[in-house]
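Good morning, everyone, and thank you for making the time. I would like to walk through one model with you, moving from single residues out to the interface between the chains.

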Number of protein chains: 2
Amino acid sequence: MNLDSMLPTLGEWLKGTGPEGDVVVSTRIRLARNLADHPFTNRSSNHEKAEVEAKLRDCVTQLDLPHKLRYVEMGDLSALDRQFLVERQLISRELANVLEGPRGAAFDDRESVSLMVNEEDQLRLQVMRSGLALDAAWDEIDFIDDMIESKLTYAFHEQFGYLTACPTNVGTGMRASVMLHLPALGMTKQIEKAFKALQKINLVVRGLYGEGSRASGDFYQISNQVTLGKSEAAALTDIREVIHEIMRYERMARTALVRESRQGMQDRVARAIGTLQSATMMTSEETMDLLSSVRLGLHLKLMEEVPLETVNELFLHSQPAHLQKLMGEILDGEARNAARARYLRSRLRDSAGQN
Amino acid sequence: MNLDSMLPTLGEWLKGTGPEGDVVVSTRIRLARNLADHPFTNRSSNHEKAEVEAKLRDCVTQLDLPHKLRYVEMGDLSALDRQFLVERQLISRELANVLEGPRGAAFDDRESVSLMVNEEDQLRLQVMRSGLALDAAWDEIDFIDDMIESKLTYAFHEQFGYLTACPTNVGTGMRASVMLHLPALGMTKQIEKAFKALQKINLVVRGLYGEGSRASGDFYQISNQVTLGKSEAAALTDIREVIHEIMRYERMARTALVRESRQGMQDRVARAIGTLQSATMMTSEETMDLLSSVRLGLHLKLMEEVPLETVNELFLHSQPAHLQKLMGEILDGEARNAARARYLRSRLRDSAGQN
């Protein structure tokens, strides 16, 4: 099987239509769950993993959801397709990189809901939304979680809450992450200052692709760290307050930039488009940085040649697996940089008026 | 009077049609001369300067040359027009910046021959040629010099030769300068090494606009330093040998660059055009650097959308006085950077196919 049919569409979370979309790209909540009476994945034999996988697959595929889930076994997918799902944020890098053992993922056609089976935990549920939508995401994931829990018995401890393979997730098993686009704070070197407050209240900042990744394109994920001794609602309140604060900083910085150097900002945006339209070699890192400038330019109304949806699509399509699927062949680093540049040139020259 | 009628044309030396034109932009020879029985300019009263000016103007305008000289009095020109002549290399910055006293310049319609009256010396003759053309330039300037000398008496000393206001010019009064475009030596950090040999043999390297100017756009002028105790022919031989050596280095560096990173070079050139076509603010410094990449790209056949003549024209037109004449108004730095960017965008989008 392959996943090419998903290529032309964008997940709902990437459409840029959600609340506070000028700063907040997307909201994600995930829950870590395990089944009672089964050892954790990292302590299971392949036989035991297969049992868990069968149980969860049956349950998941039979859920009566408004948007049906499609289940895929990781073993049936090429490395390229697994990477493709990582880029769409439907599965984790970890799940993609495990090379054997029964494991799978399920997702709906909006790419809002996704589930992973036999990752670090036996079941990881995830809901993604466009913009800042913690409540909507929570309501949806809570609903699905309850539905599953009505059919299976989770590993749960009266005092600790949900039990997980890694102790850092014990309790609610919930991690809420909000992805922010903070180019103005980056440009004005205020990003460190803005994030300083986060650690005190146990929130974590990471780059686009999770732990250890650089914040390419000025994208940052902010997540709660504490799952024990704090309710889901309290954790969501903490993160919501901080996000509002950071949005305020970012918007102030944007306003100041336009007020103090409108021409300079316009130039920056125009050059970013010019480079995307003309380079013949382009890394995904640089693509991200240039598209970040274009995205900012759109939100500041410094340009309008390129629609936001195209920018969002290019963020996704310029990534390695998407690019290779679009080109219809496996490409090494150099060839990929050339293909990426070709793709960006053609897409942006088509969509932008030459004025 | 104003010089707007010269705007649409390029001096012959800028056409890029001369010998070794891939590396050598132009050749220039100038002679410093003074009249016998008149004090040097820096020791003259305004009355004495006026006498000299009248004498030289009469002589110069009556020369029977294949291309007639047009004489302009500096006092009749605006600061903008004087700067315009500097940018066309027809007069020196020094002549343009003197604010009073009788002084003038003459040049032919090819902008090959030019003369300055009452600059540092009473008479400066200059011949410019496209490409490496030391002999042709020498023959022409020598012919004009003889013609003038047949009508006027130069300050000349049997032992020292031609006498000049500054002792560094005494003797032949000749300075031969070759303007080189050395982007590959710049890129591969070999420029210092290549120039090391020059000082030993008394040659001088300067940036595009003479002493003290940075080598913007990888353009370098190499000139002889010695005018005393060495014949014109010997000085020209010295410089010719060195130029051939440096051309060889530059070409080797270009070949190596294309061999080792053709894609990288192509990308560099494409990005340069892209930036010129899209920026909304652009300094003349950056313009020079970007056009330098485009010029290299043309000579390496890495692109062909933009004709060499357009590139050469843009080198000239993007300079402050030319730009302001093209725009028809006096512009300050910021407004000039915006106007320059607008001009470059329109010129390059017209001439380059969007492919």
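Before I begin, one convention: when I say that two residues are in contact, I mean that they have heavy atoms within 4.5 Å of each other. Please also keep in mind throughout that this is a predicted model. Its overall scores are an ipTM of 0.84 and a pTM of 0.88, and chain A has an average pLDDT of 92, with 96% of its residues scoring at least 70.

Let me start in chain B, with His322(B), which sits in helix H10, the run of residues 320-327 of that chain. Is this histidine buried or exposed? With a relative accessible area of 0%, His322(B) is buried, since the cut-off for that label is anything under 20%. As for what surrounds His322(B), if we set aside the neighbours within four places in sequence, its contacts are Leu7(B), Phe84(B), Glu87(B), Arg88(B), Leu316(B) and His317(B). One of these, Glu87(B), deserves a separate mention, because its side chain and that of His322(B) are joined by a polar contact of 2.6 Å.

Turning now to chain A, I would like to point out helix H9, which covers residues 308-317. Eight of the ten residues in this helix are buried, and so H9(A) is largely enclosed by the rest of the structure. The buried set runs from Thr310(A), Val311(A) and Asn312(A) through Glu313(A) and Leu314(A) to Phe315(A), Leu316(A) and His317(A).

Staying with chain A, there is a loop between helix H1 (46-61) and strand S2 (70-73), and Pro66(A) is found in it. His67(A) is placed in the loop between H1 and S2 as well. Pro66(A), at 75% relative accessibility, counts as exposed, whereas His67(A), at 29%, counts as partly exposed. Both can be related to Asp108(A): the C-alpha atoms of Pro66(A) and Asp108(A) are 9.4 Å apart, with their positions 42 residues apart in sequence, while for His67(A) and Asp108(A), 41 residues apart along the chain, the C-alpha separation is 5.8 Å. Beyond residues up to four places away in sequence, His67(A) touches Asp108(A), Asp109(A) and Arg110(A), and with Asp109(A) there is a polar contact between the two side chains, at 3.4 Å.

That brings me to the interface. How much area is buried between chain A and chain B? The value is about 1600 Å², and carbon and sulfur atoms give 40% of it. Each side is made up of a set of residues in contact, 19 from chain A and 19 from chain B.

As for the polar side of this interface, the rule finds two salt bridges across it. I can show you one between Glu286(A) and Arg271(B), whose closest N and O atoms are 2.7 Å apart. Counting residue pairs in polar contact between the two chains, with both partners at pLDDT 80 or more, gives ten. On the chain A side, the elements that give two or more residues to the surface touching chain B are helix H7 (232-278) and helix H11 (333-351). H7(A) provides the largest share of that side, namely eight residues. By residue class, the side of chain A that touches chain B divides into five nonpolar, eight polar and six charged residues.

I will stop there and take your questions.

Terms used. Residues are numbered from 1 along each chain as its sequence is written. Chains are lettered from A and ligands numbered from 1 in the order in which they are written. Side-chain values use heavy atoms; hydrogens and water are left out. Buried means under 20% relative accessible area, exposed over 50%, partly exposed in between (1.4 Å probe, protein chains only). Helices (H or I, at least four residues) and strands (E, at least two) are DSSP runs, numbered from the N terminus. Buried area is the accessible area (1.4 Å probe) that two parts lose on being put together, summed over both. A salt bridge is a side-chain nitrogen of Lys or Arg within 4 Å of a carboxyl oxygen of Asp or Glu. A polar contact is a pair of N or O atoms within 3.5 Å; within protein, one must be able to donate a hydrogen and the other to accept it, and residues adjacent in sequence count only if both atoms are side-chain atoms. Ala, Val, Leu, Ile, Met, Phe, Trp, Tyr, Cys and Pro count as nonpolar, Asp, Glu, Lys and Arg as charged, and the others, Gly among them, as polar. pLDDT is the predictor's confidence in each residue, from 0 to 100.
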